[in-house]
Amino acid sequence: MAAAQRVEIFTDGACRGNPGPGGWGAILRYGNKETLLQGAEEHTTNNRMELQAAVSALEKLTRPCDVHITTDSRYMMDGIQQWLTNWKLNGWKTAAKKPVKNEDLWKQLDKLVEKHNVTWTWVKGHSGHAENEKVDQLANDAIDNLLL
């Protein structure tokens, strides 16, 4: 059996107004190949854009892979690693019995992560991490293009 492909993904989301116009950016890296992704929405939140970046990147994978995702979003990291299991057990309610925000994107992310062997790394945003700076720029460029 062939080993799973190793893929690196870097993601970021941005929003002006929160809520307001938002954008996301992602880098997919497989070996020496790099694919840049970006998108924007007119009225959204930063957290939605963080999640959308990861969802959009994972949707590009055509077979199960070993995936390493790097993000500067504590919301996404904590959600996927700590909160998601209980949200599902509690019918998509938080510990405070409130509906989970961005449930649609969390469900998509959960389904996509199940297809792969995913590890997560958090990096501090705007701290000079080259790929994080690049995806931040992609997210902000997507907002700028939306607002043209």
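**Close-up views of a predicted 148-residue chain**

The chain exposes about 8,200 Å², and carbon and sulfur atoms supply 49% of that area. The model is predicted.

**Figure 1. Overall fold of the chain, with 4 helices and 5 strands.** Along the sequence, these elements follow the pattern β-β-β-α-β-α-α-β-α. The radius of gyration is 15 Å, close to the 15 Å that the globule rule gives for 148 residues, so the chain is as compact as a globular protein of that length. The C-alpha trace spans about 45 × 45 × 25 Å along its principal axes. Of the 148 residues, 48% count as buried. Among contacts with a separation of 6 or more, 66% join residues 24 or more positions apart. The chain carries 18 positive and 19 negative charges, and the mean positions of the two sets are 6 Å apart.

**Figure 2. Surroundings of Asn132 in helix α4.** The helix covers residues 130-147. Asn132 has a relative accessible area of 4%. This value is under 20%, so Asn132 counts as buried. Its side chain makes a polar contact with the side chain of Asp72, at 3.4 Å. Beyond its neighbours within four places in sequence, Asn132 is in contact with Thr11, Asp12 and Asp72. Val123, Lys124, Gly125 and His126 are also in contact with Asn132.

**Figure 3. His126 in the loop between β5 and α4.** Strand β5 covers residues 117-122. His126 is exposed, with a relative accessible area of 59%. Leaving out residues up to four places away in sequence, His126 touches Asn132, Glu133 and Asp136. His126 and Asp136 are 10 residues apart in sequence. Their C-alpha atoms are 8.4 Å apart in space.

**Figure 4. Asp78 in helix α2.** Helix α2 covers residues 74-89. Asp78 is buried, with a relative accessible area of 15%. Asp78 and Trp122 are 44 residues apart in sequence. From C-alpha to C-alpha, Asp78 and Trp122 are 9.9 Å apart.

**Figure 5. Lys93 in the loop between α2 and α3.** Helix α3 covers residues 103-114. Lys93 is partly exposed, with a relative accessible area of 34%. Setting aside neighbours within four places in sequence, Lys93 is in contact with Asn86 and Trp87. Lys98, Pro99 and Val100 are also in contact with Lys93. Lys93 and Glu103 are 10 residues apart in sequence, and their C-alpha atoms are 9.4 Å apart in space.

**Figure 6. Positive phi values at Trp92 and Lys97.** Most residues other than glycine have a negative phi. Trp92 is not a glycine, yet its phi is positive, at about 60°. Lys97 also has a positive phi, near 65°. Trp92 is in the loop between α2 and α3, and Lys97 lies in the loop between α2 and α3 too. Trp92 counts as buried, at 12% relative accessibility. Lys97 is exposed, with a relative accessible area of 66%.

**Figure 7. The cis peptide bond from Asn18 to Pro19.** Most peptide bonds are trans. The bond from Asn18 to Pro19 is cis, with omega near 10°. Pro19 is found in the loop between β1 and β2. Strand β1 covers residues 5-15, and strand β2 covers residues 20-30.

Notes
Residues numbered from 1 in each chain as written. Predicted model: local features only at pLDDT ≥ 70, side-chain atom pairs only at ≥ 80, totals over all residues. Heavy atoms only, no water. Helix = DSSP H or I, 4+ residues; strand = E, 2+ residues; numbered from the N terminus. Buried < 20%, exposed > 50% of the residue type's maximum accessible area, 1.4 Å probe, protein only. Polar contact = N/O pair within 3.5 Å; in protein donor to acceptor, adjacent residues only side chain to side chain. Contact = heavy atoms within 4.5 Å. Rg over C-alpha atoms; globule rule 2.2 N^0.38 Å. Areas by Shrake-Rupley, 256 points an atom, 1.4 Å probe, with all protein chains shown as cover. Lys, Arg positive; Asp, Glu negative; His and termini not counted. Charge placed at Lys NZ, Arg CZ, Asp CG, Glu CD.
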